[in-house]
Amino acid sequence: PFQLPANRLVRSTAPLIRRSTPRKLSSTPTRLGGGEQQWDEPTGYLFGRPEPSPPQWWERKYWIAMGIGVVMVIAKVHYAPDTKVTTWARKQAYQNLIDQGIIEDDRKH
C-alpha cells in the first residue's frame with residue numbers, strides 16, 4: 001500500500017488543522033452583562049392577552065358543522081360494505097365446497 005512519509009503527512013494536514021481551529025474575529029475583549037433587560041416581565045397571560053376574546057358569530061356554527069361532518073364520516077366508514085377481494089374469494093370458496101358436497105351448509109338451519 002502507498003504511504004506518505006511522516007513529515008510530508010504532517011505538512012499536508014497542517015493547513016486543514018489550522019483552518020478547523022476557532023479564530024477570534026475581534027481583537028477587543030468581549031463585554032458581558034450590563035444594559036437593560038432583554039425580556040418582558042411575565043404577566044401570567046398567554047401571549048400577553050389578559051383574557052380570551054368573546055367568540056365571534058360564526059364560530060359556534062363552524063364547530064357544530066365540523067362535529068356533524070366528523071360523525072357522518074365515522075358512520076360512513078363504519079357501515080361501508082366489505083368490498084375486499086379476499087372476502088369475496090372466501091365466500092366463493094365456501095359456496096364451491098357446499099356445491100361439491102364436501103361440507104354441509106350450516107346457514108340453512
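Here is a quick tour of a single protein chain, from its overall layout down to a few side chains.

What you're looking at is a predicted model. The protein chain has 3 helices and 0 strands, so reading along the sequence gives you the pattern α-α-α. Very little of the chain is tucked away: of its 109 residues, 3% count as buried.

**The surface overall**
- The accessible surface of the protein chain adds up to about 11600 Å².
- Carbon and sulfur atoms account for 61% of that accessible surface.

**The helices**
- To get your bearings, α1 covers residues 6–20 and α2 covers 59–78, while α3 runs over residues 85–99.
- Helix α2 has 20 residues and reaches 29 Å from its first C-alpha to its last, close to the 28 Å expected at 1.5 Å a residue.
- How many of the 20 residues of α2 are buried? The count is 0, and α2 is hardly covered.
- Helix α3 has 15 residues and reaches 21 Å between its first and last C-alpha, close to the 21 Å expected at 1.5 Å a residue.
- After α3 comes Gly-101, and its phi is positive, near 80°.

**The aromatic cluster**
- Where does Trp-58 sit? You'll find Trp-58 in the loop between α1 and α2.
- Searching the whole structure turns up 2 aromatic pairs.
- One of them joins Trp-58 and Tyr-62 in an edge-to-face arrangement, with 6.4 Å centre to centre and 85° between the planes.
- Tyr-62 also pairs with Trp-63: the ring centres are 5.4 Å apart and the planes are at 80°, so this pair is edge-to-face.
- Put together, Trp-58, Tyr-62 and Trp-63 make one aromatic cluster.
- Are these rings buried or exposed? Trp-58 is partly exposed, with a relative accessible area of 38%, and Tyr-62 is partly exposed at 39%.
- Trp-63 has 61% relative accessibility, so Trp-63 counts as exposed.

**A nonpolar patch on the surface**
- Which residues form the nonpolar patch? The members are Trp-57, Trp-58, Tyr-62, Trp-63 and Met-66.
- Together these residues have about 670 Å² of accessible area.
- Residues of the aromatic cluster, Trp-58, Tyr-62 and Trp-63, appear in this patch too.

**A buried residue after α3**
- Asp-105 lies in the segment after α3.
- Why does Asp-105 count as buried? Its relative accessibility is 17%, and buried means under 20%, so Asp-105 makes the cut.
- Leaving aside residues up to four places away in sequence, Asp-105 touches Tyr-94 and Ile-98.
- Both Tyr-94 and Ile-98 fall within the 85–99 range of α3, so the segment after α3 comes back into contact with that helix at Asp-105.

Methods:
Residues numbered from 1 in each chain as written. Predicted model: local features only at pLDDT ≥ 70, side-chain atom pairs only at ≥ 80, totals over all residues. Heavy atoms only, no water. Helix = DSSP H or I, 4+ residues; strand = E, 2+ residues; numbered from the N terminus. Buried < 20%, exposed > 50% of the residue type's maximum accessible area, 1.4 Å probe, protein only. Areas by Shrake-Rupley, 256 points an atom, 1.4 Å probe, with all protein chains shown as cover. Expected span 1.5 Å × (residues − 1). Patch = residues over 30% accessible without salt bridge, like charges linked within 9 Å, V, L, I, M, F, W, Y side chains within 5 Å. Salt bridge = Lys/Arg side-chain N within 4 Å of Asp/Glu carboxyl O. Phe/Tyr/Trp six-rings, centres within 6.5 Å; stacked < 30°, edge-to-face > 60°. Contact = heavy atoms within 4.5 Å.
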